[in-house]
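Reader: Could you take me through a close look at one part of this model, starting from a single residue and following its contacts outward? I work with computed structures all day, so please give me the cut-offs as you go.

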Amino acid sequence: MTSLDPLLDKDGVRLTVDDAVATVTLTNPAKRNAQSPALWRALTEAGRAVPGTVRVVVLRGEGKSFSAGLDRQAFAPEGFDGEPSFLDMARGPESGLDATIAEYQEAFTWWRRNDIVSIAAVQGHAIGAGFQLALACDLRIVADDVQFAMRETSLGLVPDLTGTHPLVHLVGYARALEMCATGRFVSAPEAERTGLANLVVPAGQLDAATQDLAAALLAAPRDAVTETKALLRGAISRTYEEQRAAERAAQGRRLRDLAGITD
């Protein structure tokens with residue numbers, strides 16, 4: 001399936017599909033792809049609109065920055081048009097605030113579905129919510145000008161858009177704490193050295209490198225990649241013996257499938 005026209009194009013998010021590869025693009029370079037509740041709803045909608053034929057989803061941002069993070073208008077007394085301000089939400093019941101944050105988090109959760117492999121192509125600034133959106137993806141290719149930063153603590157907040165779990169597992173607790181508590185910038189060489197980035201390339205080669213990785217991911221049979229992704233994701237929480245059992249079960253499924261045996 002190839003869609004020359006966007007399947008979705010709203011609130012700073014565009015979804016296009018080219019056969020087995022979907023591309024989600026942040027489309028507000030004038031504001032460095034700053035994020036808002038409307039953008040998060042559009043990202044959630046994009047995840048639901050990705051066709052079942054898609055195997056790889058690429059996330060990218062137009063302009064010089066991937067995403068400069070949360071639009072500061074969220075903290076203004078008036079908030080966004082048609083939206084309650086964050087300050088108004090804080091004054092409401094705790095259960096309502098929890099439900100609202102959970103809704104925002106949905107924009108960051110679908111990227112790790114087992115039926116797809118997601119790649120964030122990151123250039124320039126990826127700050128706060130932008131950093132967390134890059135962390136939401138399975139893989140990250142970054143330009144040599146990238147600047148990651150978790151700046152929530154400087155605003156008196158905590159990272160709450162699902163970024164803390166992958167960050168700790170990628171770089172370890174101590175380094176994750178230091179990055180979040182200081183809010184400092186992480187450059188491309190450090191990102192690659194610590195595992196935040198799978199690959200660093202010159203900015204002019206970012207799109208081509210992302211396309212090459214997508215093509216490589218499509219080379220293996222889909223079911224094998226899906227089973228492998230599920231196996232590796234589960235390894236984080238399993239014991240060694242539990243992982244051995246999971247490997248046996250997954251391989252059994254693959255062999256039966258290859259042999260044409262149905263349960």
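Author: M89 belongs to helix 2, residues 86-91 (helices are DSSP runs of H or I with at least four residues, strands are runs of E with at least two, and both are numbered from the N terminus). Residues are numbered from 1 along each chain as its sequence is written, and side-chain values use heavy atoms, leaving out hydrogens and water. The model is predicted, so local features need pLDDT of at least 70 and side-chain atom pairs count only at pLDDT 80 or more, while totals for chains, interfaces and linings use all residues.

With a relative accessible area of 12%, M89 is buried (buried is under 20%, exposed over 50%, partly exposed in between, using a 1.4 Å probe and protein chains only). Beyond neighbours within four places in sequence, M89 is in contact (heavy atoms within 4.5 Å) with P84, L97, T100 and Y104. R140 is a different story: it is 51 residues from M89 in sequence, and their C-alpha atoms are 33 Å apart.

Let's follow Y104. This residue forms one aromatic cluster with W40 and F108. Rings of Phe, Tyr and Trp (its six-membered ring) pair if their centres lie within 6.5 Å, and planes under 30 degrees apart count as stacked, over 60 as edge-to-face and the rest as tilted. By this rule there are four aromatic pairs. One involves W110 and W111, whose ring centres are 3.9 Å apart with planes at 25°, so this pair is stacked. Both tryptophans, W110 and W111, are buried.

W111 leads into the largest nonpolar core. That core has 52 residues, and L43, W111, F148 and L167 have the most contacts inside it (a nonpolar core is a set of buried Ala, Val, Leu, Ile, Met, Phe, Trp, Tyr and Cys residues joined through side-chain atoms within 4.5 Å). Helix 4, residues 129-136, gives the largest share of this core, six residues. Eight of the eight residues of helix 4 are buried, so the rest of the structure largely encloses it. They are A129, G130, F131, Q132, L133, A134, L135 and A136.

Two of the core residues just named reach helix 4. F148, in strand 8, is buried at 0% relative accessibility. Leaving aside neighbours within four places in sequence, F148 is in contact with V122, A126, F131, A134, V142, R184, F185, V186 and A191, and F131 and A134 belong to helix 4. D9 is 139 residues from F148 along the chain, with their C-alpha atoms separated by 26 Å. L43, again not counting residues up to four places away, touches V13, V24, L26, A107, W110, W111 and L133. A second, separate core of 13 residues includes V58, V117, I119 and L206.

T210, in helix 8, touches two residues of that second core, V58 and I119. Its contacts beyond four places in sequence also include A121 and I141. At 4% relative accessibility, T210 counts as buried.

Helix 8 brings us to the one cavity of 30 Å³ or more in the structure. A cavity is a set of points on a 1 Å grid over the protein atoms alone where a 1.4 Å probe fits but cannot get out, and lining residues have an atom within 4 Å of a point. Points are joined across faces, edges and corners, and the volume is the space filled by probe spheres set on them. The largest cavity holds about 80 Å³. Its lining is R55, V56, N114, D115, I116, V117, L217, L218, R222, V225, T226 and K229. Helix 8 (206-218) and helix 9 (222-235) are the elements giving two or more residues to this lining, and helix 9 has the largest share, four residues. The lining divides into six nonpolar, two polar and four charged residues (Ala, Val, Leu, Ile, Met, Phe, Trp, Tyr, Cys and Pro are nonpolar, Asp, Glu, Lys and Arg charged, and the others, Gly among them, polar).

Two backbone details round this off. Most residues other than glycine have a negative phi. D19, though not a glycine, has a positive phi of about 60°; it lies in the loop between strand 2 (13-18) and strand 3 (21-26) and is partly exposed at 44% relative accessibility. T162 has a positive phi of about 75° and is not a glycine either. T162 lies in the loop between strand 8 (147-149) and helix 5 (164-171), and at 24% relative accessibility T162 counts as partly exposed.

Key:
On a 1 Å grid over the protein atoms alone, a cavity is a set of points where a 1.4 Å probe fits but cannot get out, and a pocket is an open set with protein on both sides within 12 Å along at least five of seven lines; lining residues have an atom within 4 Å of a point.
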